[in-house]
Amino acid sequence: MFKRIAKEKTKIVIVSLLINISSSYAKENNFYHLSDSVPENHKISKVILGDLTNDGRDEHILLIKGTLKEKLIKNGSGKVVDRNRRGMIVLTDELGSYSVLTSNLDCFESENEDGGFYFPPEMEINIKGGNLYVKYFHGRYGSWEYNFRYNKNDLELIGFENTEYRNAILSLNQSVNFITKKMQTLRLDESQFDIFDYNEKPTDDMYLEKWEKLSADNMIRFSEISSLTSRVDVLNAINK
């Protein structure tokens, strides 16, 4: 896609995202109704269907949200907003009951976080090709996406994509493959292109390409992730 201008190969150590020790949700429980799987002080905000285990039957992905009253606070504009965090429960259909495949009760921030000078990122969850994708859109600033695949009774993070824009120009694109343990970075060489020139667009050869080798003992599992809201969560882990 892009002409390779510069290549670097370095080794960097990737550490797991902080383990979410607050979630002790029992995976062995069986439930006869979807709502029975939702723990106290939580509610279902959305249900998504899709086959994640490749058995021909759809899993039920519950996007849940906390209901604690103390999380209803006034924002900077004096408006009361719900800052309860969100999470996800993945249920398998056992033909008469449901069992928990994996869960993480508070890995997503609320949809009402303070966006500073801009609105907070918008989250979208989809299932494509048997994988679960969690994508955040942040308007003119870009987007980032997590790609999970079922393995060993959990969802493992196998891919991460990050794009950043400045003045409607793609300034950075990062693609991480946790299976091959490689990360590709394409960064706009601003010595060749004026980011503030609204009459021109950068060409492929103005992007510098860098490859990095990741080193990790284990795959990152959905049930153990503390936060999936910010792209910084993954990028900080990679760059440590």
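## Exposure and the Glu212–Lys210 pair

A residue is called buried when its relative accessible area is under 20%, exposed when that area is over 50%, and partly exposed in between. Lys210, at 28% relative accessibility, therefore counts as partly exposed, whereas Glu212, at 8%, counts as buried. These two residues form a salt bridge in this predicted model, and their closest N and O atoms are 3.9 Å apart.

## Salt bridges elsewhere in the model

A search of the whole structure finds 8 salt bridges, and the pair just described is one of them. Another joins Arg57 to Asp55, with 3.8 Å between the closest N and O atoms. Arg57 is partly exposed at 32% relative accessibility, and Asp55 is likewise partly exposed, with a relative accessible area of 40%.

Glu111 and Arg86 also form a salt bridge, in which the closest N and O atoms are 3.8 Å apart. Because Glu111 lies in the loop between strand 8 (98-108) and strand 9 (122-128) while Arg86 belongs to strand 7 (residues 86-93), this pair ties together parts that are 25 residues apart in sequence. Glu111 is partly exposed at 37% relative accessibility, but Arg86 is buried, with a relative accessible area of 9%. Both residues belong to a network of salt bridges that links them with Lys65 and Asp82.

## The five-stranded open sheet

Strand 7, which contains Arg86, is part of an open sheet of 5 strands whose order is 2-8-7-4-3, with antiparallel pairing. The edges of this sheet are formed by strand 2 (30-31) and strand 3 (42-50); each has a single partner strand, so one side of each is left without a neighbour in the sheet.

Within the sheet, strand 7 and strand 8 pair in the antiparallel sense over 7 bridges, and Met88 stands opposite Asn104 in strand 8.

## Surroundings of Glu156

Glu156 is found in strand 12 (residues 154-166) and is buried, with a relative accessible area of 9%. The side chain of this glutamate makes a polar contact with the side chain of Asn151, at a distance of 3.1 Å.

When neighbours within four places in sequence are left aside, the residues in contact with Glu156 are Asn147, Phe148, Arg149, Asn151, Met219, Ile220 and Arg221. Phe148, which appears in this list, also takes part in an aromatic pair described below.

## Aromatic rings

A pair of aromatic rings is described by the distance of the centres and the angle of the planes. The count for this structure comes to 3 aromatic pairs. One of them, between Tyr146 and Phe160, is tilted, with 5.3 Å from centre to centre and 45 degrees between the planes. Since Tyr146 lies in strand 11 (residues 142-151) and Phe160 in strand 12, the pair ties together parts that are 14 residues apart in sequence; both residues are buried.

Phe148 and Phe222 form an edge-to-face pair, with 5.6 Å between the centres and 85 degrees between the planes. This pair links distant parts of the chain, for Phe148 is in strand 11 and Phe222 in the loop between strand 15 (207-215) and helix 1 (231-239), 74 residues apart. Phe148 and Phe222 are both buried.

A ring is also involved in an arrangement with a charged residue: Lys128 lies over the face of Tyr133, at 4.5 Å from the ring centre.

Conventions
Residues numbered from 1 in each chain as written. Predicted model: local features only at pLDDT ≥ 70, side-chain atom pairs only at ≥ 80, totals over all residues. Heavy atoms only, no water. Salt bridge = Lys/Arg side-chain N within 4 Å of Asp/Glu carboxyl O. Buried < 20%, exposed > 50% of the residue type's maximum accessible area, 1.4 Å probe, protein only. Helix = DSSP H or I, 4+ residues; strand = E, 2+ residues; numbered from the N terminus. Polar contact = N/O pair within 3.5 Å; in protein donor to acceptor, adjacent residues only side chain to side chain. Contact = heavy atoms within 4.5 Å. Pairing = 2+ DSSP bridges. Phe/Tyr/Trp six-rings, centres within 6.5 Å; stacked < 30°, edge-to-face > 60°. Lys NZ or Arg CZ within 6 Å of the ring centre and 35° of its normal.
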